[in-house]
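Subject: Structure handover

Hello,

Here is the structure I said I would pass on. My notes on what was found in it follow below.

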Amino acid sequence: MRRLTLADTERLRATPGASALLFITDRCPVGCRHCSVSAEADGAGITDWELFTEIVAGIAAVPELQAVAISGGEPFAERRGLSHAVSVLREAGKDVVVFTSGYWAPARPDSWITRTLSQVSTVVLSTDRFHPVGAARAALAARAIIDAGCHLIVQLLGEPGREPRLPGPLAAVAGAGAEVNVITPLRHGRGAGVFHPTPRRRCAEFGRCPLTRSPTIRYDGTVLGCCGEAVIAGGGPAALRSFADERGQVAAALRSLRASPVLQVVGAHGPGALAALPPFAALRDTRHADICRACWAAHDTAEAAPEARRMAVALAATIPEGRHGR
């Protein structure tokens with residue numbers, strides 16, 4: 001089993017078809033004030049076990065998928081689903097990456113947690129000033145993750161005017177063996193009411209979006225064309241969504257979404273390349289809150305105007321092999 005580093009995970013996410021996100025629950029007992037998917041302690045989780053096992057079997061059967069990340073909500077709040085998914089995906093030879101807050105870590109983790117971690121390649125442990133889990137418990141989680149043989153990536157929040165740093169107890173455990181990844185605050189979900197908005201921008205001012213290369217499969221069978229939090233939480237056009245209710249439909253849904261010309265262009269060049277085409281001219285001077293809104297507007301234009309879609313298809317066809325999703 002590979003221990004995926006941060007560079008490995010970013011390389012896989014940038015490779016069309018090589019990775020996917022399994023969003024396993026909307027439930028999280030931690031309740032961070034800035035949660036980008038607005039997960040709650042009483043949020044929805046897996047209720048249709050047969051459907052969930054079909055979805056996991058379908059993901060495991062996709063040959064081009066090398067790595068599957070599991071997130072939520074808090075994956076460890078979905079004990080049966082997480083144990084099952086990790087086991088099936090590992091048996092299929094997939095590298096598994098799990099995102100967690102570490103809330104589950106007492107002095108000695110339950111045996112099911114140790115058993116699950118032993119099958120996981122890499123754990124991304126999030127901690128910041130909004131996490132009520134606390135540095136001491138995060139340190140216990142880090143110890144359990146390292147003892148299980150996983151590669152540990154500690155994810156910190158980079159806020160303007162604040163130096164991101166590992167809290168003392170966690171730094172002592174993680175030492176030189178862990179990587180640190182500093183992420184940008186997201187104004188999605190509850191985060192929209194916490195962080196200051198960035199200036200609105202024109203399509204040409206956004207770069208390409210790497211999230212278009214990493215689709216999401218929700219526990220309820222919804223398959224999404226990207227792993228953007230706003231889309232996972234229900235935002236965006238219908239063109240970004242498909243549905244699978246048995247294992248054989250998962251691969252077809254992923255490949256259909258990956259063939260979207262708008263997603264391919266936004267992933268390879270950014271939304272500005274579409275706004276430069278005559279049928280998308282109305283987008284050129286419109287300012288968008290973030291790249292998601294720019295991408296959604298491009299989808300709406302392509303859906304409404306056949307000529308816009310035709311030109312998006314033609315532009316996508318010029319993307320070099322390996323940079324598009326076909």
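How many bridges join strand 1 (residues 19-23) to strand 2, and in which sense do the two strands run? There are five bridges, and the strands run parallel. Please keep in mind throughout that this is a predicted model.

The sheet

Strand 1 and strand 2 belong to an open sheet of nine strands, ordered 6-5-4-3-2-1-7-8-9, with mixed pairing. Strand 6 (179-183) and strand 9 (241-243) are at the edges; each has a single partner strand, so one side of each has no neighbour in the sheet. On average, neighbouring strands of the sheet are turned by 25 degrees against each other, direction ignored.

Between strand 1 and strand 2, Leu 21 has Ala 69 of strand 2 as its bridge partner. Strand 2 covers residues 67-71 and includes Ser 71. Ser 71 has a relative accessible area of 15% and counts as buried because the cut-off for that is under 20%. Apart from residues up to four places away in sequence, Ser 71 touches Leu 21, Leu 22, Phe 23, Ile 24, Thr 25 and Phe 99.

Strand 4 (122-126) has strand 3 and strand 5 as partners. It pairs with strand 3 in the parallel sense over four bridges, and with strand 5, also in the parallel sense, over five bridges. Leu 125 of strand 4 is the bridge partner of Thr 100, and Leu 125 also stands opposite Val 154 in strand 5. Five of the five residues of strand 4 are buried. Both faces are covered: Thr 122, Val 124 and Ser 126 are on one side, with Val 123 and Leu 125 on the other.

Helices on the sheet

Helix 5 (residues 135-147) lies across strand 4 and strand 5, at about 175 degrees to strand 4. Helix 1 (residues 6-14) lies across strand 1, strand 2, strand 3 (95-100), strand 5 (151-157) and strand 6, and runs at about 50 degrees to strand 6.

The core

The largest nonpolar core has 104 residues, and those that touch the most other members are Ile 59, Ile 70, Trp 104, Leu 117, Leu 274 and Phe 280. Helix 11 (residues 291-304) supplies the largest share of this core, eight residues. For Leu 117, the contacts beyond four places in sequence are Phe 76, Trp 104, Val 123, Ala 144, Ile 145, Ala 148 and Cys 150.

Helix 9 and helix 11

Helix 9 (residues 261-268) packs against helix 11 at an angle of about 145 degrees, and the two axes are 10 Å apart. The crossing is right-handed. Helix 9 contributes Val 262, Leu 263 and Val 266 to the contact, while helix 11 contributes Cys 295, Ala 298, His 299 and Ala 302. By class, six of these residues are nonpolar, one is polar and none is charged.

Pro 279

Pro 279 sits in the loop between helix 10 (271-275) and helix 11. Its relative accessibility is 25%, so Pro 279 counts as partly exposed. Leaving out residues up to four places away in sequence, Pro 279 touches Thr 301, Glu 307, Ala 308 and Met 311. Pro 279 and Arg 310 are 31 residues apart in sequence, and their C-alpha atoms are 9.7 Å apart in space.

Regards

How values were computed: Residues numbered from 1 in each chain as written. Predicted model: local features only at pLDDT ≥ 70, side-chain atom pairs only at ≥ 80, totals over all residues. Heavy atoms only, no water. Core = buried A, V, L, I, M, F, W, Y, C linked by side-chain atoms within 4.5 Å. Buried < 20%, exposed > 50% of the residue type's maximum accessible area, 1.4 Å probe, protein only. Contact = heavy atoms within 4.5 Å. Axes fitted to C-alpha atoms, helices over the stretch in contact; angles between N-to-C directions. Left-handed = near helix turned anticlockwise from the far one by under 90°. Nonpolar A, V, L, I, M, F, W, Y, C, P; charged D, E, K, R; others polar. Pairing = 2+ DSSP bridges.
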